[in-house]
Structures are given as structure tokens and as C-alpha cells.
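User: Could you take a close look at one part of this model for me? I'd like to see how it fits with what lies around it.

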Amino acid sequence: MSKKKSNKANKPDWNRKDEERRRQGLDDDAEFASEVAPFPAAPVKTEDDAGQVGNELETTRVLGWVALIAAIVSLFFLPTVLGPAAAVLGFITFLQGNRTMGAWSIVLGLASLFVALFLSSYY
């Protein structure tokens with residue numbers, strides 16, 4: 001006849017694992033709270049990050065102005081070169097957060113490229 005194994009031998013001892021976690025200082029509440037806690041509304045600035053945040057904003061603004069100037073100049077001079085360049089710079093500017101200037105650069109750059117490639121044959 002076969003011997004039946006007890007169910008306790010097959011099942012893991014959860015109470016023992018919980019007790020081990022408590023001894024190590026791992027509370028379930030602490031782990032859950034860190035996962036559910038909302039992100040801070042504003043990024044926390046440290047002394048290392050203080051200069052970098054302003055530089056990123058300034059770089060985006062300068063890149064936006066360069067893209068917009070290239071788009072305006074492309075309407076009058078070298079539209080096949082400056083138009084796509086303005087569109088690419090405008091797209092990068094758009095992705096970095098300066099959406100208005102990036103959108104204007106993309107539209108003007110592509111418009112000047114369109115006029116140069118398709119409408120220049122009519123005049």
C-alpha cells in the first residue's frame with residue numbers, strides 16, 4: 001500500500017516566509033506605498049541639476065529660433081537646402097518642448113520646399 005504524503009510537505013510555509021521578511025525589516029506596506037505614491041509635481045532640484053535645467057531650456061529656445069530663421073530664409077534663398085533643414089530642426093525643437101516655434105518652422109520649411117519643387121516650373 002502506498003503512503004500518502006501530507007499536504008504540509010507539498011505546500012510552502014507562507015507564515016515562515018512572512019516571519020523572515022519581518023525580521024529583515026521588509027514590510028509589505030512600505031513597498032506598496034513606494035509603488036503607489038504619486039510623482040512630485042515639480043522635479044526636485046539639486047545643486048548639480050540647477051544649471052542644467054536652464055541650459056536645456058535655453059538650448060531649445062536657441063534651436064527654435066535657428067529653425068525659424070532658416071525657414072524664413074528658405075522662402076527666398078536655397079529652398080531645397082534650407083527648407084528640409086528648417087523642417088528637421090523644427091521637428092527636434094517640437095520634440096524638446098518648444099512646440100509653437102517648432103511647428104512654424106516645420107510648416108514654413110516644408111512649404112518653401114513644396115514651392116521650390118512643384119510650383120517653380122510654372123513661373
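The part I have in mind is helix α5, along with the loops at its two ends and the residues it touches.

Analyst: Happy to! Two notes on the ground rules come before the tour. This is a predicted model, so local features are taken only at pLDDT of at least 70 and side-chain atom pairs only at pLDDT 80 or more, while totals for chains, interfaces and linings use all residues. Residues are numbered from 1 along each chain as its sequence is written, and side-chain values use heavy atoms, with hydrogens and water left out.

Let's start with the setting. The protein chain has 6 helices and 0 strands, in the order α-α-α-α-α-α along the sequence. Here helices (H or I, at least four residues) and strands (E, at least two) are DSSP runs, numbered from the N terminus. Of the 123 residues, 19% are buried; buried means under 20% relative accessible area, exposed over 50%, and partly exposed in between, with a 1.4 Å probe and protein chains only. Among contacts with a separation of 6 or more, 60% join residues 24 or more positions apart, where contact means heavy atoms within 4.5 Å.

Now to α5 itself, which covers residues 79-96. Its 18 residues should span 26 Å at 1.5 Å a residue, and the 25 Å between its end C-alpha atoms agrees with that; the expected span is 1.5 Å times one less than the number of residues. The buried residues of α5 are G83, A86, A87, G90 and T93. Seen down the helix axis, these buried residues fall within an arc of 130°, so they line one face of α5. That arc is taken from the directions from the helix axis to the C-beta atoms. The face turned away from this buried side carries V81 and L95, which are exposed.

What does the buried face meet? T93 is a good place to look: T93 lies in α5 and counts as buried because its relative accessibility is 0%. Setting aside neighbours within four places in sequence, T93 is in contact with T60, L63, G64, A67, N98 and G102. A86 appears in the contact list of A71, a residue of helix α4. With neighbours within four places left out, that list reads A86, S105, L108 and G109. A71 is buried too, since its relative accessibility is 0%, and its C-alpha is 9.5 Å from that of L89, 18 residues away in sequence.

Several of these partners belong to α6, whose buried residues include G102, S105, L108 and G109. Helix α6 runs over residues 99-119; its 21 residues should span 30 Å, and its end C-alpha atoms are 29 Å apart, which agrees. L113 is also among the buried residues of α6, and together with P79 it is touched by P84, not counting residues up to four places away. P84 sits in α5 and is partly exposed, because its relative accessible area is 28%. The C-alpha atoms of P84 and A111 are 9.8 Å apart, with their positions 27 residues apart along the chain.

The two ends deserve a look as well. Ahead of α5, L78 is in the loop between α4 and α5 and has a positive phi of about 50° although it is not a glycine. Most residues other than glycine have a negative phi. L78 is partly exposed, as its relative accessible area of 44% shows. Just after α5, G97 takes a positive phi of about 120°. N98 follows in the loop between α5 and α6; leaving out residues up to four places away, N98 touches T60, R61 and T93. N98 and R61 are 37 residues apart in sequence and 7.0 Å apart C-alpha to C-alpha.

Finally, the outward side. V81 and L78 belong to a nonpolar surface patch of about 940 Å², made with W65, I69, I72, V73, L75, F76 and F77. Patches are built from residues with over 30% relative accessible area and no salt bridge, joining like charges within 9 Å and nonpolar side chains (Val, Leu, Ile, Met, Phe, Trp, Tyr) within 5 Å; a salt bridge is a side-chain nitrogen of Lys or Arg within 4 Å of a carboxyl oxygen of Asp or Glu. Helix α4 (residues 50-74) gives the patch its largest share, 4 residues. V73 is found in that helix and is partly exposed, at 36% relative accessible area.

Technical notes: Areas by Shrake-Rupley, 256 points an atom, 1.4 Å probe, with all protein chains shown as cover.
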